[in-house]
Amino acid sequence: MGPEGPGADERSGGLRAALAGLTTRGRSFLAAGMAAAVCSYVLGQADLLRVGLLLAALPLVCVAVVHRTRYRVAGSRRLAPARVPADSEARVHLRMDNVSRLPTGLLMLQDRVPYVLGPRPRFVLDRVEPGGRREVSYRVRSDLRGRYPLGPLQLRLSDPFGMCELTRAFSAYDTLTVVPRVEPLPPVRLTGEAAGYGDGRHRSLALAGEDDVIPRGYRVGDDLRRVHWRSTARYGELMVRREEQPQRAHCTVLLDTRRTAHYGSGPDSAFEWAVSGAASAAVHLLERGYAVRLLTDTGSSVPGPDGGGGFAGSTHDSAETAGLMLDTLAVVDHSDGGGLSPAFEVLRGGGEGLLVAFLGDLDEEQAATAARMRHRTTAAVAFVLDGAAWSRGAEFGGAQELEERLRRLREAGWTALPVGPGASLAQLWREADAQGATRADAGGPAVGGMTGSWT
């Protein structure tokens with residue numbers, strides 16, 4: 001929350017609002033005073049009337065004092081950090097500055113937070129001297145990913161006798177983003193991979209031999225060892241060999257969000273495991289130098305359909321891209337789509353490179369669609385969630401249909417693994433490496449033929 005100006009302590013509700021701020025004590029005093037005044041009239045006791053007037057006047061005087069309070073305070077809020085993984089804590093720092101020339105009285109500070117982040121924090125601040133400040137903090141934590149608003153910050157003013165309280169609210173909000181948990185993945189490299197370049201180690205220039213070198217003119221600062229003397233003699237000017245220009249490896253992380261494909265809800269559900277897995281794979285591949293695109297079954301992609309087919313994550317913006325994908329996954333929800341066809345259309349328009357898919361239950365039609373996706377990519381790895389196992393809480397559901405879907409994907413060239421409740425993505429990552437190596441040794445479609453290194 002940014003700094004608030006002096007309007008935070010101005011008279012916002014008038015005298016009526018101040019009267020409505022009477023506490024139980026203040027209302028009791030006022031009622032007792034009125035009752036004493038009525039009794040004094042009935043009984044003819046003048047002394048009782050004086051007592052009644054005193055009891056009734058005290059809360060009214062407190063209302064007037066609070067109503068005319070001229071505290072000028074500024075408030076700010078700071079999140080550390082503003083983006084936090086699920087099941088982790090963030091600290092919220094609050095700061096109040098007294099910018100008036102008068103000291104404040106007793107203040108109660110209260111911040112509004114969603115119930116999933118914990119109880120509403122309240123703080124009592126003693127007298128704040130003119131120009132002084134007070135700083136407090138509290139912790140929030142959520143097991144559920146999402147975007148949660150914090151605020152507005154509320155300041156409660158009260159008189160020394162506790163007869164009247166007024167609440168003044170600041171207008172600014174902040175947002176805490178709870179992203180999926182990211183599991184560190186092991187650096188494995190599947191069979192047949194060469195390290196260092198992506199996209200099948202394609203070059204923008206074909207350097208088949210000495211006679212096929214495409215030179216360029218010498219530029220100040222070029223290494224003289226790269227001078228191509230034959231071309232220099234041919235063109236009559238100093239020529240140098242062009243540098244190799246490797247392209248970066250591309251990867252698409254596909255997340256199946258179909259409502260009908262996942263069972264259960266909550267932080268330990270199959271869908272949440274798939275979301276966390278997609279986040280882990282995307283961050284891992286970005287850190288290894290891949291240009292990554294996040295794709296859902298609806299056909300929507302992140303970073304989006306801009307240049308490069310939606311792929312992003314160069315060496316200078318990989319952290320920014322990872323943050324964008326995590327922010328998207330923080331709010332992703334079930335889709336009402338019935339199939340994977342929209343995602344297949346996106347891959348058909350630009351699906352080169354590696355495909356890592358996190359799929360829910362597949363019927364025969366969707367398994368066929370997923371099998372066709374393999375032909376649009378260089379290599380493909382699928383983590384298929386075992387819906388029967390997740391619904392029963394068993395390690396594996398033992399469904400024959402799941403085995404049939406996995407067999408069909410493998411015949412199409414996928415490296416496909418079943419996922420049961422509580423499965424470790426890091427272990428499955430290693431199993432995908434081993435399965436790809438086995439397929440390569442058997443002479444089948446090798447995942448090791450994917451673009452770039454699987455690291």
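1. A residue is called exposed when its relative accessible area is over 50%, buried when that area is under 20%, and partly exposed in between. The structure discussed here is a predicted model, and Pro-119 makes a good starting case, because its relative accessible area of 74% places it in the exposed class. Pro-119 belongs to the loop that runs between strand E4 (107-111) and strand E5 (122-125). Its C-alpha atom is separated by 8.8 Å from that of Val-140, a residue 21 places away along the chain.

2. Ala-279 may be set beside this case, since it counts as buried, with a relative accessibility of 1%. Ala-279 is part of helix H5, which covers residues 270-287. When its neighbours within four places in sequence are left aside, Ala-279 is in contact with Pro-180, Val-182, Leu-326 and Leu-329. The C-alpha atoms of Ala-279 and Leu-255 are 9.6 Å apart, while 24 residues separate the two along the chain.

3. Helix H8 (residues 364-374) deserves attention as a whole, because eight of its eleven residues are buried and it is therefore largely enclosed by the rest of the structure. The buried residues are Gln-366, Ala-367, Ala-368, Thr-369, Ala-370, Ala-371, Met-373 and Arg-374. They pack against three strands and two helices, namely strand E13 (250-255), strand E16 (354-359), strand E17 (379-385), helix H7 (341-350) and helix H10 (400-411). At the N-terminal end, H8 is capped by Asp-363, a side-chain oxygen of which lies 3.2 Å from the backbone nitrogen of Glu-365.

4. The largest pocket holds about 240 Å³ of space. Its lining consists of 17 residues, and those closest to the centre of the pocket are Leu-144, Arg-145, Gly-266, Pro-267 and Glu-272. By residue type, the lining divides into six nonpolar, six polar and five charged residues. Where, then, does the largest pocket lie with respect to the domains? Domain 2 (73-179) and domain 4 (250-440) both contribute residues to the lining, so the pocket lies between them.

5. Some points of backbone geometry should be checked with care, given that most peptide bonds are trans and most residues other than glycine have a negative phi. The peptide bond from Gly-151 to Pro-152 is cis, with omega near 5°, and Pro-152 is found in the loop between strand E7 (146-150) and strand E8 (153-158). The peptide bond from Val-302 to Pro-303 is also cis, with omega near 10°, and Pro-303 sits in the loop between E15 and helix H6 (318-331).

6. Ser-301 belongs to strand E15, which is made up of residues 301-302. Is Ser-301 buried or exposed? Its relative accessibility is 18%, and because buried means under 20%, Ser-301 counts as buried. Apart from its neighbours within four places in sequence, Ser-301 is in contact with Arg-293, Leu-294 and Leu-295.

7. Asp-87 is a further residue to look at, for it has a positive phi of about 70° although it is not a glycine. Asp-87 is placed in the loop between strand E2 (83-85) and strand E3 (89-98). With a relative accessible area of 34%, Asp-87 is partly exposed.

Terms used:
Residues are numbered from 1 along each chain as its sequence is written. This is a predicted model: local features need pLDDT of at least 70, side-chain atom pairs count only at pLDDT 80 or more; totals for chains, interfaces and linings use all residues. Side-chain values use heavy atoms; hydrogens and water are left out. On a 1 Å grid over the protein atoms alone, a cavity is a set of points where a 1.4 Å probe fits but cannot get out, and a pocket is an open set with protein on both sides within 12 Å along at least five of seven lines; lining residues have an atom within 4 Å of a point. Grid points are joined across faces, edges and corners, and a volume is the space filled by probe spheres set on the points. Ala, Val, Leu, Ile, Met, Phe, Trp, Tyr, Cys and Pro count as nonpolar, Asp, Glu, Lys and Arg as charged, and the others, Gly among them, as polar. Domain bounds come from an automatic or database domain assignment. Buried means under 20% relative accessible area, exposed over 50%, partly exposed in between (1.4 Å probe, protein chains only). Helices (H or I, at least four residues) and strands (E, at least two) are DSSP runs, numbered from the N terminus. Contact means heavy atoms within 4.5 Å. A polar contact is a pair of N or O atoms within 3.5 Å; within protein, one must be able to donate a hydrogen and the other to accept it, and residues adjacent in sequence count only if both atoms are side-chain atoms.
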